[in-house]
Amino acid sequence: MKPTVFFSREITPEKVLELYRALGRELPGRVAVKVHSGEEGNQNFLPPELWKDVVKAVNGTVVECNTAYEGSRNYTEQHRRLLRKHGWSAAFDVDILDAEGPDLELPIPNGTVLKKDIVGRDIENYDSMLVLSHFKGHPMGGYGGALKQLSIGCASTAGKAWIHSGGTTADQTECWDNLPPQDVFLAAMADAASAVAEHFHGSMAFVNVMKNLSVDCDCCAVAEDPCMKDVGILASLDPVAVDQACIDLVYAAADDPGRKHFIERVESRHGVRTIECAAALGVGSREYKLVEL
C-alpha cells in the first residue's frame, strides 16, 4: 500500500498543524521536534512562528545538534546564543542533543557505507520524533529535506564528520580533507537516516515546507535568495515519500522561472541518490499517494 503524502498550497502555522493531524498518528511519550534553526546570517530559514502551533500540539521539545564546520553553531555555548537570537529559546523548550558527551552510536548492520551512526546522546531522552523540514537546495547534498534532517541533522559534530567523510573519520578538523566520491556521501546520509528511523521504531512524523526555495541550505551564512515561488506544505509518515513528493513538485513547476536553476543544483549533486538509497534500505517508499487538503 502506497504511503499518503498530504499537501496544501497554503503555508501558515494553522495549516502545518492541520496536515500533521491529518496523518492520524499521536506521537507517544516525550516528543523531540527536529528543526533547522538557521546559521548566523542566513536569510531563508523558517522562523519559530511557523512551527509554534504544531510544537505546542505535541508538547514537544525543539532539538538541534552542533555543526562540524566553522560558524555560529559548532560549539554549544555559541549555538545556544544563536538559538536565543533566532527566537527558538523564547518560543520553545530547546535541547542541543550533543551538548554534552559521550555521543551515542547507533548500529547500521545493513548500511552500504556506514555500519554505525553517531548522534547526540540526548536523543535517548525521547520516545518519538516530529521532523519539521525546510525543503530547499543544498550545496553538498543537492537538496535538504526529511532525510537530511534524520541524517546530518541528528548527527553530533563527530557524527557529521563521520557521514561527510564516508565513515573514515569522526574528527571535524580532518573530515573536510577526506571527502569521498559524491555518491558515497549520499549513500552514507541514507545509512545514517535509516539508523535514526530504526531507533524510533516508526514513532515519527514528517512535515516538509516548500517555502523560500533557495538552492542553498539554511546552514549557509551566505546563501542565494530564493529562486522559485513558494509551493506549499507536505506531511507524511514516510520520510522517503515526503522528500520524493517535494522533488516531483519541483519538476512539475514548469511555469516557474527558477525551476531550472533549482533542478540544476539537485541534479549536479546527484541529490535524488539519497532518496534512492534510503528506499533501498527500507526507510520508505518512493511511490506515494498525494492528497491535497
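This is a short tour of one structure, stop by stop, with a suggestion of what to select at each point. Please keep in mind throughout that the model is predicted.

**Stop 1: the nonpolar cores**

Begin by selecting Met129, Phe135, Ile163, Val196, Met204, Met210 and Leu234, which are the residues with the most contacts inside the largest nonpolar core, a set of 65 residues. If you then colour helix α7, which covers residues 182–199, you will be looking at the element that gives this core its largest share, namely 11 residues. Apart from this core lies another one, made of 29 residues, and Phe6, Leu27, Trp88 and Leu130 are among them.

Stay for a moment with Val196 and display what surrounds this residue. Once its neighbours within four places in sequence are left aside, Val196 is in contact with Leu106, Asp117, Val119, Ile123, Leu150, Cys154 and Met204.

**Stop 2: the aromatic rings**

Next, select Phe135, Tyr143 and Phe262, whose rings are linked by ring pairs into a cluster. A search of the whole structure finds 3 aromatic pairs, and one of them joins Phe135 to Tyr143, with 5.5 Å from centre to centre and 35 degrees between the planes, so that by the definition of a tilted pair, which covers angles that are neither under 30 nor over 60 degrees, this pair counts as tilted. Are these two residues buried or exposed? Phe135 has a relative accessible area of 0% and is buried, and Tyr143, at 4% relative accessibility, counts as buried too.

For another kind of ring arrangement, select Lys116 together with Trp162: Lys116 lies over the face of Trp162, at 5.0 Å from the ring centre.

**Stop 3: helix α5 and the largest pocket**

Now select residues 146–153, which make up helix α5, a mostly covered helix in which 8 of its 8 residues are buried. Lys148, Gln149 and Ser151 are included among these buried residues, alongside others such as Leu147 and Ile152.

From here, move to the largest pocket, which has a volume of about 320 Å³. It is lined by 20 residues, of which Tyr69, His138, Ile152, His164 and Cys219 are the closest to its centre. Helix α5 and helix α6 (157–164) each supply at least two residues of this lining, and α5 gives the most, with 4 residues.

**Stop 4: helix α1 and strand β7**

Select residues 13–22, which form helix α1, and highlight its buried residues Pro13, Lys15, Val16, Leu17, Leu19 and Tyr20. What do the buried residues of α1 pack against? Their partners are β1 (4–8), α2 (48–57), β7 (128–134), β10 and β11. Just after this helix, Gly24 takes a positive phi of about 70 degrees.

Strand β7 also holds Ser128, which is buried, with a relative accessible area of 0%. When its neighbours within four places in sequence are set aside, Ser128 is in contact with Leu27, Pro28, Arg30, Val31, Ala32, Phe200 and Ser203.

**Stop 5: Asp225 in a loop**

Finish with Asp225, which is placed in the loop between β10 (204–210) and β11 (232–236). At 53% relative accessibility, Asp225 counts as exposed because the cut-off for that word is over 50%. Beyond its neighbours within four places in sequence, Asp225 is in contact with Gln43, Asn44 and Ser214. As a last step, select Arg30 as well: the C-alpha atoms of Asp225 and Arg30 are separated by 36 Å, and the two residues are 195 residues apart along the chain.

Terms used: Residues numbered from 1 in each chain as written. Predicted model: local features only at pLDDT ≥ 70, side-chain atom pairs only at ≥ 80, totals over all residues. Heavy atoms only, no water. Phe/Tyr/Trp six-rings, centres within 6.5 Å; stacked < 30°, edge-to-face > 60°. Buried < 20%, exposed > 50% of the residue type's maximum accessible area, 1.4 Å probe, protein only. Lys NZ or Arg CZ within 6 Å of the ring centre and 35° of its normal. Core = buried A, V, L, I, M, F, W, Y, C linked by side-chain atoms within 4.5 Å. Contact = heavy atoms within 4.5 Å. 1 Å grid on protein atoms, 1.4 Å probe; cavity = no way out; pocket = protein on both sides within 12 Å on 5 of 7 lines; lining within 4 Å. Points joined across faces, edges and corners; volume = space filled by probe spheres on them.
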